[in-house]
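Got the viewer open and a selection box ready? Let's take a walk through this chain, one pick at a time.

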Amino acid sequence: MNSRLHRIQDWRALGDKARYNVRRLARLVGVTPRQLERFFVENQGMTPREWLKELRIWRAQELLASGHTMKEAATLLHFANASGLCRLLRRTPVGAKRGGLETQMSHSDNKCRIRIINRGCGEAPVGYDPR
């Protein structure tokens with residue numbers, strides 16, 4: 001089956017345009033959230049929500065590694081505030097590697113401090129195209 005979903009080239013841009021929300025993403029591509037879920041599970045091996053979360057974490061690490069502040073990254077990733085982004089990254093396993101970037105969290109003073117370590121090449125979430 002070669003649906004219109006198979007022909008979409010830039011899922012990353014759509015994820016950002018949908019503000020990392022499954023319902024908005026489904027609306028943008030003209031399907032129901034359930035149809036989108038079936039497509040993602042069949043083709044990506046994960047739900048759209050899981051994929052959007054992975055994409056958001058990837059983008060956060062990329063932005064922080066390139067020198068953006070936590071607040072700037074949170075704004076670019078459509079979080080209400082920096083603590084939302086901090087919470088997402090805190091729930092990411094320490095040392096989790098995504099696309100060659102490793103996140104390390106510090107909780108010693110109840111501040112969100114993240115150190116991004118570039119570990120070379122790695123895989124971005126499926127459908128991720130940094131262009």
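Start by selecting H68, and show whatever it touches: leaving out residues up to four places away in sequence, H68 is in contact with L63 and L76. You'll find H68 in the loop between α4 and α5. Is H68 buried, exposed or partly exposed? Its relative accessibility is 29%, so H68 counts as partly exposed. Keep in mind throughout that you're looking at a predicted model.

**Zoom out**

Switch to cartoon and colour by secondary structure. The chain comes to six helices and three strands. Trace along the sequence and the pattern reads α-α-α-α-α-α-β-β-β.

Now put a surface on the chain. The accessible area comes to about 8000 Å², and 46% of that belongs to carbon and sulfur atoms. How much of the chain counts as buried? The figure is 39% of the 131 residues. If you like contact maps, here's one number to go with yours: among contacts with a separation of 6 or more, 48% are between residues 24 or more positions apart.

**Next stop: A74**

Hop to helix α5 and pick A74. With 1% relative accessibility, A74 counts as buried. Show its surroundings, skipping residues up to four places away in sequence, and A74 touches F79, N81, A82 and L85. Then draw a distance from A74 to L64: these two are ten residues apart along the chain, and their C-alpha atoms are separated by 9.9 Å.

**Two crossing helices**

Select residues 48-65, which is α4, together with residues 82-91, which is α6. In general, a packed pair of helices is described by the angle between the axes and the distance between them. Here the angle is about 110 degrees and the axes are 11 Å apart. Because angles from 65 to 115 degrees count that way, α4 is roughly perpendicular to α6.

Turn on side chains for the contact. From α4 pick K53, R56, I57, A60 and L64; from α6 pick L85, L88 and L89, which they meet. What kinds of residues make up this contact of α4 with α6? They divide into six nonpolar, no polar and two charged.

While you're in helix α4, select Q61 as well. Q61 has a relative accessible area of 0%, so Q61 is buried. Draw a line from Q61 to L89: the two are 28 residues apart in sequence, and C-alpha to C-alpha they are 8.9 Å apart.

**Into the core**

As a general point, nonpolar side chains in soluble globular proteins tend to be buried together. For this chain, the largest nonpolar core has 28 residues. Select W11, L25, V29, L36, L77, L85 and L89 to see the ones with the most contacts inside that core. Which helices supply at least two residues each to the core? Colour α1 (11-17), α2 (22-29), α3 (33-44), α4, α5 (70-76) and α6, since each of them does. Helix α4 gives the most, with seven residues.

Pick V29 from that set and show its partners. Leaving aside neighbours within four places in sequence, V29 is in contact with R4, L5, I8, W11, L14 and L36.

**A loop with unusual backbone values**

Move to the loop between α1 and α2 and select R19, then add Y20 from that loop. If you have a Ramachandran panel, look there too. R19 has a positive phi of about 60 degrees although R19 is not a glycine. Y20 also has a positive phi of about 60 degrees, and Y20 is not a glycine either.

Which of the burial classes does each fall in? R19 counts as partly exposed, at 41% relative accessibility. Y20, at 10%, counts as buried.

**Last stop: N43**

Finish in helix α3, where you'll find N43. With a relative accessible area of 35%, N43 is partly exposed. One last distance to draw: N43 to H6. They are 37 residues apart along the chain, and their C-alpha atoms are separated by 9.0 Å.

Key: Residues numbered from 1 in each chain as written. Predicted model: local features only at pLDDT ≥ 70, side-chain atom pairs only at ≥ 80, totals over all residues. Heavy atoms only, no water. Axes fitted to C-alpha atoms, helices over the stretch in contact; angles between N-to-C directions. Helix = DSSP H or I, 4+ residues; strand = E, 2+ residues; numbered from the N terminus. Parallel < 35°, antiparallel > 145°, perpendicular 65-115°, else oblique. Contact = heavy atoms within 4.5 Å. Nonpolar A, V, L, I, M, F, W, Y, C, P; charged D, E, K, R; others polar. Buried < 20%, exposed > 50% of the residue type's maximum accessible area, 1.4 Å probe, protein only. Areas by Shrake-Rupley, 256 points an atom, 1.4 Å probe, with all protein chains shown as cover. Core = buried A, V, L, I, M, F, W, Y, C linked by side-chain atoms within 4.5 Å.
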